[in-house]
Each structure stands twice: as C-alpha cells, then as structure tokens.
Amino acid sequence: MKRKLKQNLITFYNSKSPVSEQIKAVRTSLNFATIDQDAQVILITSPTPSSGKSVVSSNLAVSYAQQDKKVLIIDGDLRKATQHYQFKADPYRGLSSLLIGKLSIADAIQETFVPNLSVLTSGPMPPNPAELLSTNKLDTLMDEFKKSFDIIIIDTPPVINLTDAVVISRVADGIILVVRANHTQKNEVSRSVEILKTTNKKLFGTILNDAKYEVSDYYYY
Ligand SMILES: Nc1ncnc2c1ncn2[C@@H]1O[C@H](COP(=O)(O)OP(=O)(O)OP(=O)(O)O)[C@@H](O)[C@H]1O
Ligand SMILES: [Mg+2]
C-alpha cells in the first residue's frame, strides 16, 4: 500500500482510490493463492507493532464485503483493540466477554455501517489474553461463526514477543504477514516466518505496507 492514508477505512469511503485498488489486488491475489484450499478464516499479523495490521484487516474485510461476501472481522488483539474504533462499534461487547461466557453470540456480533460486514470487537482487556485465547471456547465459537459468514478476518497482535497470534492461528486457515516499509527489519521478517512455520498453517502472503514506490505489493506463498 502506498502513502498516505488520510483515512483508515479508505476502501469504504473512497473505493476508487489507489489504496483501495491495492487492497482489491491483494484480495484477488489471495483468491488465486487459495484456489485449492480453504481460506474462510484469514489471520493477519506482523512481526512488530504499528505495521498496519489493523488498517489492512479492516480494509480487506470491507473489500470482501463489497464483493457481496458475508464478512466477519474479529478484533483478536485483546491488548490493543482498534476495530471498534474503525467501525464505530461497542468495544465492550466483544470477544473476551464471549470467551468467558458472559455474552451470547447474538449479543456480541455487531453489524457495521458497511453492508455485509459484521464486527466482533475485542471486549474488555483480560488479565491473561493468551491463556483466554487458548481455551476450547474459541474453537466452538469459530465453528459457529463459520456457519454464518463466508469470510472471517482476524486482526491479531504482533508475532514477535507475544504468543497470541500463534495461539489464535489454530482456528485460521492461513496467515497474512503485514510488514511496513522503513519500519520492519529484515531479520524480524525472517524471525516471524520461522515462528509462523511452527503453526503448520499456510502463509498466504506478505503485504508490504506504506512503501514509497508504486511497485510495492508483493505476494508469495
Ligand atoms: N500505509 C500507511 N500510510 C500511512 N499511515 C499508515 C499506513 N498504514 C498504517 N498507518 C497508520 O499507522 C498506525 C498503525 O497502524 P495500525 O494500527 O493498522 O498498525 P498495527 O500493526 O495494527 O499496530 P498494533 O501493533 O499497535 O496493533 C495507524 O495510525 C495507521 O493509521
Ligand atoms: Mg493493531
């Protein structure tokens, strides 16, 4: 994605902008990359903080919704929740409350102003995010969500130094790694790829965010 994002949910507010076109290109590459496999649940992470995971997650979710898919975006970053803000949703009725059994699915899933797109916000920050995310409850919830949504996108914390993304990956079909130009170090990328290999999940691709030059998105798997 190219500089500069004036508005985080650009795919919705300006679907013809260059960034929106790039998000669409990512979606198309993803469709090709996953032609022979399940790609209903996509986990988005990055090596270190502030790479653009949350912005990419929300815009990719919008992009799928614009393709008439029924989409759920889950704020799986229980430590630095942001999706409630992007979608003007209630931050407290969310994933952590569902995981501790304090909420029903119907009360937790919130429709957004984007047609076809629902959000599950993070809920209140628990004392033990990784532990909470490792309970079977998450698996049960995901089985339910998969019945109601075509595509589920999960925004997660960075993968270096925090286990949350690895823990959540068990319920994902594959992973997208977001790296940021002039921010993410090469060794951090390779370290992340090593960590993600241990999940035995497909690395669907890598997105280079915030590059100065036009030819900035690359994709591999
Ligand atoms: N391509 C871009 N151009 C300009 N600003 C960007 C771009 N991508 C992200 N940002 C800004 O950088 C900040 C971090 O982005 P974002 O919250 O998506 O990162 P993150 O990886 O989710 O961070 P965290 O690790 O804190 O969850 C935000 O203020 C966002 O608006
Ligand atoms: Mg984030």
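The exercises below work through one predicted model, each with a solution in steps.

Residues are numbered from 1 along each chain as its sequence is written, while chains are lettered from A and ligands numbered from 1 in the order in which they are written. Because the model is predicted, local features need pLDDT of at least 70 and side-chain atom pairs count only at pLDDT 80 or more, whereas totals for chains, interfaces and linings use all residues; side-chain values use heavy atoms, with hydrogens and water left out.

**Exercise 1. Determine how the rings of F87 and F113 are arranged, and which parts of the chain the pair ties together.**

Step 1. Rings of Phe, Tyr and Trp (its six-membered ring) pair if their centres lie within 6.5 Å, and planes under 30 degrees apart count as stacked, over 60 as edge-to-face and the rest as tilted. By this rule there are 4 aromatic pairs.

Step 2. The ring centres of F87 and F113 are 6.2 Å apart and the planes stand at 40°, so this pair is tilted.

Step 3. Helices (H or I, at least four residues) and strands (E, at least two) are DSSP runs, numbered from the N terminus. F87 belongs to the loop between α4 (83–86) and α5 (95–99), and F113 to the loop between β3 (110–111) and β4 (117–120), so the pair ties together parts that are 26 residues apart in sequence.

Step 4. For burial, the classes are buried (under 20% relative accessible area), exposed (over 50%) and partly exposed in between, with a 1.4 Å probe and protein chains only. F87 is buried at 2%, whereas F113, at 32%, is partly exposed. Together with F12 and Y13, these two residues form one aromatic cluster.

**Exercise 2. Identify which residues of the largest nonpolar core touch the most other members, and then trace the contacts of L95.**

Step 1. A nonpolar core is a set of buried Ala, Val, Leu, Ile, Met, Phe, Trp, Tyr and Cys residues joined through side-chain atoms within 4.5 Å. The largest such core has 38 residues, of which I74, L95, L120, M142, F145 and I152 touch the most other members.

Step 2. Contact means heavy atoms within 4.5 Å. Once its neighbours within four places in sequence are left aside, L95 is in contact with residues including I74, L120, G123, L133 and L141. Another core, of 26 residues, lies apart from the largest one and has V62, Y64, L117 and V119 among its members.

Step 3. G123, a contact of L95, is placed in the loop between β4 and α7 (129–133) and is buried, with a relative accessible area of 7%. Not counting residues up to four places away in sequence, G123 touches P91, Y92, G94, L95 and S96.

**Exercise 3. Describe how ligand 1 is surrounded, and state how much of its area the protein buries.**

Step 1. A residue is near a molecule if one of its heavy atoms lies within 4 Å of it. Ligand 1 is surrounded by 14 residues, the closest being N8, K53, S54, V55 and N209, and helix α3 (residues 53–65) supplies the largest share of this shell, 3 residues.

Step 2. An oxygen atom of ligand 1 lies 2.9 Å from a polar side-chain atom of N8, and a polar side-chain atom of R180 also lies 2.9 Å from a ligand oxygen atom. In S51 it is a backbone N or O atom that lies 2.9 Å from an oxygen atom of ligand 1.

Step 3. Taken alone, ligand 1 exposes 630 Å², of which the protein buries 81% (Shrake-Rupley method, 1.4 Å probe; for residues, only the protein chains shown count as cover).

**Exercise 4. Establish whether Q83 is buried or exposed, and find the polar partners of its side chain.**

Step 1. Q83 lies in helix α4 and, at 0% relative accessibility, counts as buried.

Step 2. A polar contact is a pair of N or O atoms within 3.5 Å; within protein, one must be able to donate a hydrogen and the other to accept it, and residues adjacent in sequence count only if both atoms are side-chain atoms. The side chain of Q83 makes such a contact with the side chain of D155 at 3.0 Å, and a polar atom of the Q83 side chain lies 3.2 Å from the backbone oxygen of S54.

**Exercise 5. Locate S50 and N200, and give the sign of phi in each.**

Step 1. Most residues other than glycine have a negative phi. In S50, however, phi is positive, near 60°, and N200 likewise has a positive phi near 60°.

Step 2. S50 is placed in the loop between β1 (41–45) and α3 and is partly exposed at 46%, whereas N200, in the loop between α10 (186–197) and β7 (202–209), is exposed at 72%.
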